[in-house]
Amino acid sequence: MLKVIKEKLNSGMGKDIVWTFSLQILIMLCSFAINKLLANRLSIDDFGQYNVIKRSVQVLSFVMLAGVGIALPRYIPLYRNSTPPRRIAPLLSASFIYIIGVSFLVVLVCLLFSTQMQDIIIGQRNNQTLLIIALGYAFILALAQYVFAYYRGIGHFKWYNGTQLAMQLLIIVPLVLLPILTVSHVFSSWLIITILLVAYLMGRESWGKHFHFYVQFESLREIIKYASGRLVADFFQFSLAAFPLIYISNMQGLQTTAYFSVGIFFVTMITPLFSFMGIILLPYVSQAIAKDEMKSANRLIQRLLLIYIGGALFFIAVLYLFTDFLTILLFNSDYVVTSDLTRIMVLSILPQAVYILYRNTIDAASIIPYNAIILGISLITMVVSFTLSSSITHYAWAYLAVSTLQGLLACLVWRFLRMK
């Protein structure tokens, strides 16, 4: 068994897994540091608003990314392993133009309905400046994800993970150095830092042999056909993340939002651990499709399912037993009152881990956007269940129920695709 494990780790995919896992752990630790700094330097109300804006920006950035974050890791391996191999430069150019077009429409809609969007995106009215900052930050994050998707597609996982780690380290700097910290200061400084990083990365790649800004309409049509369905899926995915905090902030205020965000933080603290393999699985399964090697890919996915279930149960047990200690460690003692709420929400780690395993394999195996259907059903269920809920505890149980539904639907869809 040890010999087999050693051989796997020494393989190309094994090295990618080790590298990805190591750097993503560091990225997660940076996330802890950011959260701890903000929880201590911002008031409870400001921390609640920060979480609303952060979730809203995530939704907007992935809508602006327009599904390209999934399309590039799928199509780059297909292009490079086709017979004869196809050039990826037109694919990159088409993707960039598609992102610019979608982003322009998103910003236009947000500015036309500025008053309503301020309530949704920043959790308050009469702050047009903060809305513009949030929109700018969402756009530059979309371009950052575009560059990351390029590295993922070509299999440069050191650059894929390393650039993300660099971004996390850089955005910690203003949280430490700024003498006065407000929500506006946080997102303004992050916007400037991310612009500089993306400008450097895109400038660096524009001189390479892969990256040229000209377009073939065939590639543009291909990207739009595949990515448009994933655009809907991304919107649903991040709406699921943002809706609870946005809804609670409007219904019960920013303090309750801050308390609920503690439970969400613990869930999202663990679920990235399960997404590490997904980073590699999408280009790997796409390559397996191009080479007609799906049997080996199926075996890998079945083994990973057992590992994911075991890992999820382990983390749930740890979080359940040490909720108070971890809350004080990662937030402060003011948030210990959320412990019972957190214990309900961390149960959703198991079904979310199952969904994370299957979502990339589903996207690789089918042009039909099954993930958009799964996430759309889950989002509708969340909206209905939150509307029917009357307390923060009810919201927590609704969150768990939606996560369970999401995992079950992903499992059923993958079984269907395997039969096909």
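Which helices each supply at least two residues of the lining of the second largest pocket? In this predicted model, the helices that do so are α3 (44-65), α5, α6 (114-121), α10 and α16 (370-388).

**The second largest pocket**

The volume of this pocket comes to about 380 Å³, and its lining is made up of 18 residues, with Val59, Leu60, Ile120, Phe235 and Ser239 lying nearest the centre. Among the contributing elements, helix α10 provides the largest share of the lining, namely five residues. In chemical character the lining of the second largest pocket divides into 16 nonpolar residues and two polar ones, with no charged residue.

**Salt bridges**

Side chains of opposite charge can pair when their charged atoms come close. Across the whole structure, a search finds two salt bridges, and they are set out in the table below.

| Salt bridge | Distance, N to O |
|---|---|
| Glutamate 222 and arginine 86 | 3.6 Å |
| Aspartate 340 and arginine 343 | 3.4 Å |

The salt bridge between glutamate 222 and arginine 86 links distant parts of the chain, since glutamate 222 belongs to helix α10 (residues 217-252) while arginine 86 sits in the loop between α4 (68-81) and α5 (89-112), the two being 136 residues apart. Glutamate 222 has a relative accessible area of 22% and is therefore partly exposed, and arginine 86, with a relative accessible area of 32%, is likewise partly exposed; both values fall between the limits of 20% and 50% that bound this class.

In the salt bridge of aspartate 340 with arginine 343, the partners are three residues apart in helix α14 (residues 339-345), so that about one helical turn separates them. Aspartate 340 counts as exposed because its relative accessibility is 59%, and the cut-off for that class is over 50%.

**Helix α4**

Helix α4 can be checked against its expected length: at 1.5 Å a residue its 14 residues should span 20 Å, and because the C-alpha atoms at its ends are 19 Å apart, the two values agree. The helix is mostly covered, with 12 of its 14 residues buried. The buried residues of α4 include Val68, Ile70, Leu72 and Leu78, together with Arg74, Tyr75 and Tyr79.

**Aromatic pairs**

A pair of aromatic rings is described by the distance of the centres and the angle of the planes. In this model the count comes to 33 aromatic pairs. One of them joins tyrosine 150 and tyrosine 151, whose ring centres are 5.5 Å apart and whose planes stand at 50 degrees, so this pair is tilted; both of these tyrosines are buried.

The rings of tyrosine 247 and phenylalanine 386 form another pair, which is edge-to-face because their planes stand at 85 degrees, with the centres 6.1 Å apart. Since tyrosine 247 lies in helix α10 and phenylalanine 386 in helix α16, this pair ties together parts that are 139 residues apart in sequence. Tyrosine 247 is buried with a relative accessible area of 16%, and phenylalanine 386 counts as buried at 0% relative accessibility, the cut-off for buried being under 20%.

Finally, one aromatic cluster is formed by Phe32, Phe47, Tyr50, Tyr137, Phe187, Trp190, Tyr259, Phe265, Phe266, Phe331 and Tyr335.

Key: Residues are numbered from 1 along each chain as its sequence is written. This is a predicted model: local features need pLDDT of at least 70, side-chain atom pairs count only at pLDDT 80 or more; totals for chains, interfaces and linings use all residues. Side-chain values use heavy atoms; hydrogens and water are left out. A salt bridge is a side-chain nitrogen of Lys or Arg within 4 Å of a carboxyl oxygen of Asp or Glu. Helices (H or I, at least four residues) and strands (E, at least two) are DSSP runs, numbered from the N terminus. Buried means under 20% relative accessible area, exposed over 50%, partly exposed in between (1.4 Å probe, protein chains only). The expected span of a helix is 1.5 Å times one less than its number of residues. On a 1 Å grid over the protein atoms alone, a cavity is a set of points where a 1.4 Å probe fits but cannot get out, and a pocket is an open set with protein on both sides within 12 Å along at least five of seven lines; lining residues have an atom within 4 Å of a point. Grid points are joined across faces, edges and corners, and a volume is the space filled by probe spheres set on the points. Ala, Val, Leu, Ile, Met, Phe, Trp, Tyr, Cys and Pro count as nonpolar, Asp, Glu, Lys and Arg as charged, and the others, Gly among them, as polar. Rings of Phe, Tyr and Trp (its six-membered ring) pair if their centres lie within 6.5 Å; planes under 30 degrees apart count as stacked, over 60 as edge-to-face and the rest as tilted.
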